[in-house]
Amino acid sequence: MTARSITDRLGGLAFGGDYNPEQWDEPVWKEDDELMRRARVNLATLGVFSWALLEPEEGRYDFSWLDAHIERLHAGGVAVDLATPTASPPPWFTLAHPDALPVAPDGTRLIHGSRDTYCLTAPAYRSAARRIASALAERYGDHPALALWHVHNEYGTLCWCDHTAAAFRVWLRARHGSLEALNAAWGTAFWSQRYTSWEQVLPPRATQWHKNPGQALDFHRFWSDEIIAAYREQRDAIRVHSDRPVTTNLMLPAYQNVDLWAFARELDVVTSDQYPSAPGLDAAADAAFHADRTRSLAGQRPWLLMEQGTSTVYDGDQILAKEPGDILRHTLGHIARGSEGALFFQWRQSRAGAETWHSAMVPHAGPDSRIFREVMQTGEAVARLGELAGSTVTASVAVLDDPDAWWALGVDGLPSSHLDYHASLVRAHRALWDAHATVDFAHPGQELSRYRLVIAPALFLLSDAGAENLRRYVAGGGTLLVQHASGYVDDRMHARLGGYPAGPLREALGIRVEEYRPLRTDQRITLSDGSHGTVWSESLRCEGAQTLAAYTHGMLTGSPALTRHRFGTGQGWYLSTRLDDADYGSLIGRLLKETGIEPELPGQPPGVEAVTRHAADGRHWHFLINHRTDAVPLPGPAHDLLTGALAHEIPPGGCVVLRRP
Ligand code: GLA
């Protein structure tokens with residue numbers, strides 16, 4: 001089962017969103033039917049937060065209200081993405097099973113009144129979740145309206161309770177085999193942390209000072225496996241009764257609680273949610289980052305944008321509005337990068353409750369509003385793109401992404417708290433996006449030879465196998481850029497001895513890092529080529545590499561900062577500081593040039609996105625998204641799928657989609 005099975009059922013790309021009709025009444029439902037028709041909605045996600053209605057008391061289910069909504073949607077030609085409601089247990093569940101409430105690292109037990117208030121390791125929660133998933137599947141598993149199963153919502157809530165402690169120990173025994181091995185892995189010889197029985201081993205709860213880094217890393221891995229297991233249980237319960245594809249909406253925010261590579265492998269269709277944290281061009285770049293990452297998680301297969309906001313930008317403590325035209329531009333930014341449609345959270349803006357101020361397809365102002373007009377325009381555009389269902393995107397550049405490396409940069413006691421994993425990935429992607437390159441993300445252990453350029457912005461942790469894979473990639477003709485503080489620890493969080501990074505990578509890069517020298521927060525250094533660095537510097541030695549730029553300050557004066565090494569038939573580049581944005585952009589531009597990577601549609605000015613989707617039969621579609629305030633001429637007049645007419649230019653803030661040949 002693939003995303004294709006959804007588009008086949010819908011007869012085109014998906015358009016719609018989370019639909020929570022239980023917040024409204026009959027007259028509003030009637031209006032919803034009419035407005036969905038006008039907006040060309042063909043898929044609605046039902047039931048994400050409906051547990052309290054579906055199971056008003058333990059073991060007693062009430063499906064009558066849901067039956068009615070499903071029939072109503074079906075009659076209107078809207079297919080259903082049916083959720084299991086397990087992300088928000090009702091109050092009765094809490095009172096019946098207080099041991100299933102989550103406990104924070106400091107021991108505080110949380111209580112209902114919000115959402116996601118459960119511990120995934122609690123047996124009572126897990127069996128209640130399986131039961132309701134199974135009951136839903138039994139009732140609706142072969143309903144003709146059903147296009148997709150949506151298990152849970154944005155898995156990722158962690159807990160430090162006693163159930164978790166017990167499950168963590170089971171996981172640790174399986175991973176390490178013996179207490180001896182666990183002690184060795186966690187380096188418990190230091191600070192007198194040696195464990196002499198399994199009962200002494202705990203989750204990393206609130207401690208007096210630094211937590212053990214190996215324990216912290218293993219706790220993340222444990223939780224990732226636990227979350228995936230919880231998903232699998234519901235998925236398998238559903239599969240007993242239904243042959244429709246099953247997914248869960250992945251969340252790709254600036255933290256990571258799941259190994260998304262592993263999780264994505266369990267999903268019939270990879271789906272994800274995207275909410276930018278800055279407006280304007282940054283929001284468009286964020287959509288591209290998100291879409292490229294989700295497509296990569298999906299193994300370059302089509303995927304589906306499960307949620308975005310019509311006008312929600314989470315900027316710290318405020319919700320900013322999107323600009324006119326952003327709904328279409330962001331939607332096409334995702335579809336251009338492989339999404340088989342675009343869904344929103346949520347259909348109708350809540351009148352009450354915790355997300356009253358989160359934007360929606362039908363805002364508080366009602367359908368006579370800019371937002372709803374743009375939703376209709378976007379629905380119309382998506383409806384015109386049905387022919388490209390199943391096509392995908394190919395990239396020549398990959399940015400390396402490994403959850404272990406992310407978690408490793410989150411442990412206590414690192415030499416700098418300014419080694420930000422997520423920000424480093426965003427930065428690498430942004431520099432490539434600005435250069436009009438189409439980007440994949442890749443795991444350092446995966447086959448990389450299809451990429452001409454690979455960038456490793458933040459591999460602080462790198463396993464032996466990963467290091468060997470990168471060595472092989474360069475030897476076989478690839479060009480690799482490794483950035484500062486990479487390959488410092490192995491997959492047990494043990495420091496690499498004899499110089500960083502890990503041995504095989506040192507060989508490929510032709511360097512040896514002898515000493516890390518974080519920079520003061522106000523320090524900005526100049527390199528010999530005039531570029532500037534902050535955050536980090538390193539004392540390194542060339543062992544075969546050539547110095548392209550050297551440090552010019554303090555004891556590092558004259559020593560290499562940026563190097564290149566010809567190795568096998570490829571090149572290993574190493575950058576040992578964090579370059580300023582403009583300098584980093586120039587370096588990325590230089591690497592793209594050296595590797596002969598051209599934009600798919602050369603000649604686009606800054607602020608115009610150009611991405612191509614390719615079908616197996618050779619047809620392809622160019623998406624051109626203009627974030628500028630001026631019109632951008634096309635190389636020649638071309639038929640635009642969005643208007644059905646000949647286009648000569650991309651209008652200011654507008655988009656065109658061109659079919660080739
Ligand atoms: C997430 C959730 C939704 C909603 C939105 C709001 O993506 O899945 O339920 O809370 O965030 O941004």
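Modeller: Contact here means heavy atoms within 4.5 Å. The model is predicted. By that cut-off, Asp326, Ile327, Leu328, Thr331 and Ile335 in helix 12 meet Ile371, Glu374, Val375, Gln377, Thr378, Ala381 and Val382 in helix 13.

Colleague: What makes a residue of the contact between helix 12 and helix 13 nonpolar, polar or charged, and how many fall in each class?

Modeller: The residues divide into seven nonpolar, three polar and two charged. Asp and Glu count as charged, so Asp326 and Glu374 belong to that class. Thr and Gln are outside both the nonpolar and the charged list, so Thr331, Gln377 and Thr378 count as polar.

Colleague: Why are helix 12 and helix 13 called roughly parallel?

Modeller: The axes of helix 12 (residues 326–336) and helix 13 (residues 370–383) cross at roughly 30 degrees. Angles under 35 degrees count as roughly parallel, and the two helices are therefore placed in that class. Their axes come within 8 Å, and the crossing is right-handed.

Colleague: At what angle do helix 6 and helix 9 cross, and what is the arrangement called?

Modeller: The axes of helix 6 (residues 123–140) and helix 9 (residues 213–239) come within 7 Å and cross at roughly 30 degrees. That is under the limit of 35 degrees, so helix 6 is roughly parallel to helix 9. Helix 6 passes helix 9 in a right-handed crossing.

Colleague: Which residues make the contact between helix 6 and helix 9?

Modeller: Helix 6 brings Arg126, Ala129, Arg130, Ala133, Ser134 and Ala137, and helix 9 brings Glu226, Ala229, Ala230, Glu233, Gln234, Ala237 and Ile238. By class there are seven nonpolar, two polar and four charged residues. Arg and Glu count as charged, so Arg126, Arg130, Glu226 and Glu233 are in the charged class.

Colleague: At what angle do helix 4 and helix 6 pack, and which class does that give?

Modeller: Helix 4 (residues 64–75) packs against helix 6 at about 45 degrees, with the axes 12 Å apart. An angle of about 45 degrees is not under 35 and does not reach the range of 65 to 115, so helix 4 is oblique to helix 6. The crossing is right-handed. Leu66, Asp67 and Ile70 in helix 4 meet Leu136, Arg139 and Tyr140 in helix 6. This contact has four nonpolar, no polar and two charged residues. Tyr counts as nonpolar, so Tyr140 is in that group.

Colleague: How do you know that Trp347 and Phe372 form an aromatic pair, and what makes the pair edge-to-face?

Modeller: A search of the whole structure finds 31 aromatic pairs. The rings of Trp347 and Phe372 are 6.3 Å apart, centre to centre, with 85 degrees between the planes. Centres within 6.5 Å make a pair, and planes over 60 degrees apart make it edge-to-face, so both conditions are met. Trp347 lies in the loop between strand 11 (339–344) and helix 13, while Phe372 lies in helix 13, 25 residues apart.

Colleague: How do you know that strand 17 and strand 18 pair?

Modeller: Two bridges join strand 17 to strand 18 (residues 532–534). At least two are needed, so the strands count as paired. They run antiparallel, and Thr526 has His532 in strand 18 as its bridge partner. The open sheet has three strands in the order 17-18-23, with antiparallel pairing. Strand 17 (525–526) and strand 23 (578–579) are at the edges, each with a single partner strand, so one side of each has no neighbour in the sheet.

Colleague: What is the order of the open sheet of seven strands, and which are its edge strands?

Modeller: The order is 13-12-14-15-22-21-20, with mixed pairing. Strand 13 (439–442) and strand 20 (546–550) are the edge strands, each pairing on one side only. The twist averages 20 degrees from one strand to the next. Strand 20 pairs with strand 21 (residues 560–567) in the antiparallel sense over four bridges. Ala549 stands opposite Leu562 in strand 21.

Colleague: What makes the backbone at Glu154 and the bond from Phe345 to Gln346 worth a look?

Modeller: Most residues other than glycine have a negative phi, and most peptide bonds are trans. Glu154 has a positive phi of about 45 degrees, and lies in the loop between strand 4 (146–150) and helix 7 (162–176). The bond from Phe345 to Gln346 is cis, with omega near -5 degrees.

Definitions and conventions. Residues are numbered from 1 along each chain as its sequence is written. This is a predicted model: local features need pLDDT of at least 70, side-chain atom pairs count only at pLDDT 80 or more; totals for chains, interfaces and linings use all residues. Side-chain values use heavy atoms; hydrogens and water are left out. Axes are lines fitted to C-alpha atoms, for helices over the stretch in contact, and angles run from 0 to 180 degrees between N-to-C directions. Angles under 35 degrees count as roughly parallel, over 145 as roughly antiparallel, 65 to 115 as roughly perpendicular and the rest as oblique. A crossing is left-handed if the near helix is turned anticlockwise from the far one by less than a right angle, and right-handed if clockwise. Rings of Phe, Tyr and Trp (its six-membered ring) pair if their centres lie within 6.5 Å; planes under 30 degrees apart count as stacked, over 60 as edge-to-face and the rest as tilted.
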